[in-house]
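User: Please take a close look at the ligand site in this model. What surrounds the ligand, and what touches it?

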Amino acid sequence: MKDSILVINCGSSSLKFAILANAGKTTLVEGIADRLGSSESSITFKYDGQKNVIALNDGSHKNAVSQIKLWLENHTSIQASLVGIGHRVVHGGEAFTKSVLINQDVINGITDCAKFAPLHNPAHAKGIEVAFELFEGLPQVAVFDTAFHQTLEPEQYLYPIPMSFYRDHHFRKYGFHGTSYRYISQRLAQISIGSDQQGVLVAHLGNGASTCAISHGKSTDTSMGITPLEGLMMGTRSGSIDPSLISFISQAENITADEALDILSKKSGLLGVSEISNDCRTLEEAMMSGDQRAKLALDMFASRTAKHLASVATSLESIDHLVFTGGIGENSSYLRQAICNNLTALNINIDSTLNENAPRGAEQNITATNSKTTVWVIPTNEELMIALDTISLIQH
Ligand code: ADP
């Protein structure tokens, strides 16, 4: 059938891709081009249970997309089924409230938002331009991480700073992980038929992590801000701190404010506190063998995640469901338990046996009998949403 979509997530030094068929339900091939921009870059194809790694001569984004095109030329039935390309775009500012078919105006709009996502948006624009060049004639769609949160009310998205900054520069909360939240909200409605969807809390916990409150399918508040640095403690990001720390750190280290921000972005969070790793799995192993720094970092992560869940919950009338997703949310029973231990005041309780035995990669209800809120583990699927948006937009 002619319904395959090439999904591209183009970053500054990597390009992830997948080809989804059967209304997004079947992944035909997927892979990643790594270390782009360096001489050691390569692209990996996962297809038919096999992994195939190809070195990229010049390490360019264009070479990575050329390899995908070449692979398709050797798999003609998949090539013939391709009908469109969907691109993940991190920042859509206030201009993009939903996914759009890409034309030159859209590329200009993505480039305009680069001031808020300087590492991501220029890479997305480059990926789109290269894909247009190499896949001439195929329609392309942009799916924005920020779009789902454009339903926030001004009292949630404005910062309490002089209004002129919003009027003149669009400084406001945008929020991220929107494609994941949209998937979780729709999937939850399918698997919890008959239950109230008025108040849904979601914790998307990966290397980047955020929380979101959703009412009847619409985002009402979220923890990330104008950039993905605000909110939760993350793998290497501090999340919310007293802004004065930027000035203290730059004075103490004799560095600029931008350099201090870089420390908050790349050397803080789980990595900064544990002084071991940004990776949750590594820290859990260290904690099991008695490392107190790893335990402190994980427990701080849990406490701050709970705080940001409670914080976004103030935009809801009730908390009917709480969903854990993302690499940590889907896999770390330790952190799910620790987070919920910090939420007992909200009558959120999980069943420790169900939590510990939750099968990896599966949807699972882990609610305790005395919990007012139903608690779930739901694996996210951003690629599916990108493929579905692409199919829907190219059909119109
Ligand atoms: P991102 O997409 O933001 O890069 P992911 O959603 O892939 O991140 O999540 C990565 C995180 O998930 C890492 O901290 C990793 O250690 C954690 N993780 C993955 N599997 C497990 C596991 N089995 N137990 C604990 N943590 C895990």
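Analyst: Helices here are DSSP runs of H or I with at least four residues, numbered from the N terminus. A residue counts as near the ligand if one of its heavy atoms lies within 4 Å of it. Note that this is a predicted model.

Start with the shell. The largest share, four residues, comes from α13. The elements that give two or more residues to this shell are α11 (280–288) and α13 (326–331). The residues around the ligand are Gly206, Asn207, Gly208, Asp279, Cys280, Arg281, Gly326, Gly327, Ile328, Asn331, Ser332 and Arg360. By character, the shell divides into seven polar, three charged and two nonpolar residues.

Now the polar contacts. At Gly327, a backbone N or O atom lies 2.9 Å from an oxygen atom of the ligand. Gly208 also uses a backbone N or O atom, which lies 3.3 Å from a ligand oxygen atom. Asn331 works through its side chain: an N or O atom there is 3.4 Å from a nitrogen atom of the ligand. Both Gly327 and Asn331 fall within the range of α13 (326–331).

Next, the cover. On its own, the ligand has 580 Å² of accessible area. The protein covers 73% of that.

Last, the location. The ligand sits in the second largest pocket. To recap, α13 gives four residues to the shell, the largest share, and polar residues make up seven of the shell.

Notes. Residues are numbered from 1 along each chain as its sequence is written. This is a predicted model: local features need pLDDT of at least 70, side-chain atom pairs count only at pLDDT 80 or more; totals for chains, interfaces and linings use all residues. Side-chain values use heavy atoms; hydrogens and water are left out. A polar contact is a pair of N or O atoms within 3.5 Å; within protein, one must be able to donate a hydrogen and the other to accept it, and residues adjacent in sequence count only if both atoms are side-chain atoms. Accessible areas come from the Shrake-Rupley method with a 1.4 Å probe; for residues, only the protein chains shown count as cover. On a 1 Å grid over the protein atoms alone, a cavity is a set of points where a 1.4 Å probe fits but cannot get out, and a pocket is an open set with protein on both sides within 12 Å along at least five of seven lines; lining residues have an atom within 4 Å of a point. A molecule sits in a cavity or pocket if more than half of its atoms lie within 2 Å of its grid points. Ala, Val, Leu, Ile, Met, Phe, Trp, Tyr, Cys and Pro count as nonpolar, Asp, Glu, Lys and Arg as charged, and the others, Gly among them, as polar.
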